[in-house]
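Let's walk through this one by its charged pairs and then by its nonpolar packing. Have the viewer open and follow along.

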Amino acid sequence: VYSEFQTYKENQEYFDELYSTKNKEKKGFKFAHVDHINVFRFIDIIKSKPIKTFEKVEEIESYIKSQLSGMFYLYLESLKKKSDDNKILDTVAELNNVTLRMNEMLTSVGKEILGKDKKEYERVIENQLLIMIDFFVDQFRSSIEFEKEFSEEELNKMDLDNLAKIIYFDTLKIELPNIGRKANWNEIQKFNAETNKKIATEVQAKLAAIHPELLVKKFSFRQLNHVLHEKVLPFIKNAKDESLIIEKLKSEIRFKISELPF
């Protein structure tokens, strides 16, 4: 087939005319290995991709087995590394966050020693809050995925403020129920799975009220919930501080569900 394709390419105008809808007779040429010229047209479309030719069906089977073996090997390797990689990423992110906070505090203390006014302390606290919020939003970015992207026109009609508030108040800020310390590992896993499913179903129903096609594909909210309660909420002092988080989440969600401009 691929050899005959080269013949087709050398005489493409002739064959296209011969097999055109205008030529009803279509006499004068038969290919040995294909029933229709569309096979060559298909090869012409995909020729920018790597093409592998085979003489026998057995060669195809052997080739696919080798490909699948390699894919499964890489998949198993990725499973082994995934857990360690996640721990490393979390540790690096945490260290970066602590470093930023320490630098900010040390800078402030230096200025205070040099005689700056007392408002400097309040500024440092505000900056620490912003650092913690950015840290949290970075984790949120990789923890949620949506099924569908929307056009700019659709996004402008969507209540993104309410969407961000639903995500924040109904999943991230709530106190997740705890089964207790006496339960064994299987009971904890089952309880968490049921709790996650219940919360996800309730939140999904609220999102569908905003837009029927607003479906969440992935949302690791349990870990985010823990990070928010342990590392961010202690810095929150009022509704104004909390609105900063919601606004950041809103911007991130908008980016997640917006179509590419091309």
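Start in helix H5, which spans residues 119-141: Arg-141 and Asp-138 both sit there, 3 residues apart, or about one turn of the helix. This is a predicted model, and in it the two side chains form a salt bridge, with their closest N and O atoms 2.8 Å apart. How exposed is Arg-141? Its relative accessible area is 34%, so Arg-141 is partly exposed. Asp-138 comes out at 42% relative accessibility, so it counts as partly exposed too.

Now for a pair that reaches across the chain. Lys-173 makes a salt bridge with Glu-242, and here the closest N and O atoms are 2.6 Å apart. This one ties together distant parts of the chain: Lys-173 is in the loop between helix H7 (160-172) and helix H8 (185-210), while Glu-242 belongs to helix H10 (residues 239-257), 69 residues apart. Is Glu-242 buried or exposed? With a relative accessible area of just 13%, Glu-242 falls under the 20% cut-off, so it is buried. Its partner Lys-173 has 29% relative accessibility and therefore counts as partly exposed.

Next, go to Lys-47. It forms a salt bridge with Asp-44, the closest N and O atoms being 2.9 Å apart. At 45% relative accessibility, Lys-47 is another residue that counts as partly exposed. There's a third player as well: Lys-9 joins Asp-44 and Lys-47 in a network of salt bridges. As for the general idea, side chains of opposite charge can pair when their charged atoms come close. Over the model, the count comes to 13 salt bridges.

That leaves the nonpolar side. In soluble globular proteins, nonpolar side chains tend to be buried together. Here the largest nonpolar core has 39 residues, and Leu-172 and Ile-257 are the members that touch the most others. Which elements feed this core? H5, strand E1 (144-146), H7, H8, helix H9 (221-232) and H10 each supply at least two of its residues.

Zoom in on Leu-172. Setting aside neighbours within four places in sequence, Leu-172 contacts several phenylalanines, including Phe-136, Phe-140, Phe-219 and Phe-221. Leu-224, Leu-228 and Leu-249 are also among its contacts, and so are Asn-225 and His-229.

Finally, there's a second core, separate from the one around Leu-172. This one has 10 residues, among them Tyr-19, Phe-31, Phe-40 and Ile-43.

Conventions. Residues numbered from 1 in each chain as written. Predicted model: local features only at pLDDT ≥ 70, side-chain atom pairs only at ≥ 80, totals over all residues. Heavy atoms only, no water. Salt bridge = Lys/Arg side-chain N within 4 Å of Asp/Glu carboxyl O. Buried < 20%, exposed > 50% of the residue type's maximum accessible area, 1.4 Å probe, protein only. Helix = DSSP H or I, 4+ residues; strand = E, 2+ residues; numbered from the N terminus. Core = buried A, V, L, I, M, F, W, Y, C linked by side-chain atoms within 4.5 Å. Contact = heavy atoms within 4.5 Å.
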